[in-house]
Protein chains: 2
Amino acid sequence: MSEPERRPFVSARMVAERAGVSRSAVSRTFTDGASVSEETRRKVLEAAGELGYHVNHLARGLRESSNIVCLLVADITTPIRARLVDVLTRKLQAAGKVIMIINTGTDEESTASALRQTLNYRADATVVLSGTPSAKLIETSLANGQQVVLINRDDPLSGCHNLSVDNEMAGREAFFLLRRAGCKRLALVTSTARTASLLERERVFVDVARAAGMSVTVMASGPTTYASGYESARRLFGRSQGPDGVFCVTDLLALGFMDAARHEFGLSLPGDLCVVGFDDIEEGDWQSYKLTTFAQPFTAMGDHVVELLAQSSPAETGRQVFEPVPIWRKSVRPSAD
Amino acid sequence: MSEPERRPFVSARMVAERAGVSRSAVSRTFTDGASVSEETRRKVLEAAGELGYHVNHLARGLRESSNIVCLLVADITTPIRARLVDVLTRKLQAAGKVIMIINTGTDEESTASALRQTLNYRADATVVLSGTPSAKLIETSLANGQQVVLINRDDPLSGCHNLSVDNEMAGREAFFLLRRAGCKRLALVTSTARTASLLERERVFVDVARAAGMSVTVMASGPTTYASGYESARRLFGRSQGPDGVFCVTDLLALGFMDAARHEFGLSLPGDLCVVGFDDIEEGDWQSYKLTTFAQPFTAMGDHVVELLAQSSPAETGRQVFEPVPIWRKSVRPSAD
DNA sequence: GACGCAAATGCACTTGTGTGCAATCGTCAT
DNA sequence: ATGACGATTGCACACAAGTGCATTTGCGTC
């Protein structure tokens, strides 16, 4: 049953034996500022090279901090998530962290078990990109001295860092963009996944429009995907009088919406219809779309995360709001004036 | 300088003290099949719950295997990579592994340092999705008892598992598809990143075409991106006589190519031009493209990786080739017959 | 009540590190 | 030659777990 010998990882002890020095000497050779003679150091490095020795960071993590950061994320294949993961892994790595990724569902239970796993591996910090952990779980993390960073998760939970984008600004600006373009019949396309971010963009857009005396048709046909945006367009234009100005709370929805409008109903943009998105995914810049949208300032957000985790003392945990930057392309008519 | 007290992680010892039992009892409570009385177990679980205790898998990994699998990957934002990462993380997690992700460059040096980090964390296995590690480095990994899996990396290196897609079949089938559609002037669009996979698709396509008495214009304008495919189309159609049948070695290239052909030169597909891609990214199924392509069988590949890592004894390390499956959409004319 | 047997428990060792403290080594000056 | 002093070095402990082995505990039976 038990395999006879399977511990091929070479340890400091083996290096010490081969080099004819004490294990402490090996340890000191690989720690900066420790006192080792040049001669010993040379012998150790030689033996280490021959055996292929690598310091065991897991064991080192027993004493000090593990340097592990966990990324909880769902829907990695979504362009926007992939970009966020890309930026974060890059920047965290550059800061000397090691990234453990947990591909979780968006439901509460799967986020919960993921967060628990995070603790099992003594991660210094957990960055939550999707799904919202319960307050109780976050408390457990904090009790274990772990920092928690929520990105675009809203519901600002106390004790952890909250980074988010100014959805209010986006909703407001989207409306002004469409009004300036002379749109008369507004619609808002969202998804059935009622995330706080999406809800806020929707709420603000609708409120501002109503305040300006315009009504808004709200449509949600499924998850936050291309297909769902496509379907929303079919439903909206299947009616007698379709909209001529649409704010899609996500670029993916917008692209699906545009395709349906063009290919199923022969509409042309921005002549017959203006569309505004949100996220600024690469696909939106493709020649077939040239979508006017708002960019999430990912690099700034990534920098901020690194900065937060750099300071070991989690001083002020709070909410940090980032301004999305409007990207002007061709899916909205330039204003008349 | 040294912080006075900062070890907030709760350990088995603390739980033991609180529950009034020995530390061994705590350990046994959390290991299946160990001998603990119901009473002790209850006390331990209660104390653990109050303190928020979580077994330290890092410490456990010191004795047994770490259950860590490293993913070396570049260009995560690329749709195809994101999907691969998604599938692998999902399946590996389900198999009880923990995934450490390293966002590396494609250059040799950055792959090297990434692979070394892998060893530092005693990963059971390393899965390389991009970049090709040197043979010497792989040797070090193997010497440390670590399994290495290369996906679509070709250059079959001995000692590690190689999974790849049948590029030869793809190149051949792409040609037959275009010929059956009646295309007379063939072109092949690739990137300047001369990966083995891409090179093989190119080689086979060109060879088969020549054998059939047709010449092929080969064009590469940059990295494996949409923009580069777009540029290739501009160059090809800027000449007197553009191609009427094109195999793009990647879907992203194909989509860029199609957009340029349509929007810059007013061509219509599949009437004036037939395009075949490779990868089957989601965007290819969008209404604006409906790209005929070959799908990489990711779920099968993922299953195979899990299977390989499940068996602790790395029995036969070799090459496993997966058949891409043709996806018929609308960017190629149906054959005349 | 004593004995036997099984279940439960605790001690001590293991894994691979880093490091405080004490001992040793080497060098230089008196 | 000896003392002083600084640079090395090794011992032993800490970290957080799992487990073999010996010991203790509990229970039933004669």
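Start by selecting B:Arg13 and DNA strand D: a polar side-chain atom of B:Arg13 sits 2.8 Å from a phosphate oxygen of the strand. That makes a polar contact, meaning a pair of N or O atoms within 3.5 Å; within protein, one must be able to donate a hydrogen and the other to accept it, and residues adjacent in sequence count only if both atoms are side-chain atoms.

Before going on, some ground rules. You're looking at a predicted model, where local features need pLDDT of at least 70 and side-chain atom pairs count only at pLDDT 80 or more, while totals for chains, interfaces and linings use all residues. Residues are numbered from 1 along each chain as its sequence is written, chains are lettered from A and ligands numbered from 1 in the order in which they are written, and side-chain values use heavy atoms, with hydrogens and water left out.

**Along the DNA**

Next, pick B:Ser27, which has a polar side-chain atom 2.4 Å from a phosphate oxygen of DNA strand D. Then hop to A:Ser24, where the partner is a base nitrogen of DNA strand D, 3.2 Å from a polar side-chain atom.

Now widen the selection to the 28 residues around DNA strand D (near means a heavy atom within 4 Å). A:Ser22, A:Thr40, B:Ala12, B:Ser27 and B:Asn56 come nearest. Colour by class and you get six nonpolar, 11 polar and 11 charged. Here Ala, Val, Leu, Ile, Met, Phe, Trp, Tyr, Cys and Pro count as nonpolar, Asp, Glu, Lys and Arg as charged, and the others, Gly among them, as polar.

Which element gives the most to this surface? H2(B) does, with four residues. Helices (H or I, at least four residues) and strands (E, at least two) are DSSP runs, numbered from the N terminus.

On the DNA side, 55% of the strand D atoms within 4 Å of the protein belong to sugar or phosphate, and the rest to bases.

**Between the chains**

Switch to the contact (heavy atoms within 4.5 Å), which takes 56 residues from chain B and 57 from chain A. About 5,800 Å² is buried there, 57% of it from carbon and sulfur atoms; that is the accessible area (1.4 Å probe) the two parts lose on being put together, summed over both.

Show polar contacts and 25 residue pairs turn up between the chains, both residues at pLDDT 80 or more. On chain B's side, H5(B) supplies the largest share, seven residues.

Last stop: strand S2 (residues 98-103) of chain A, which pairs with S2(B) in the antiparallel sense over three bridges (pairing needs at least two DSSP bridges). Zoom in on A:Met100 and you'll find B:Met100 opposite.
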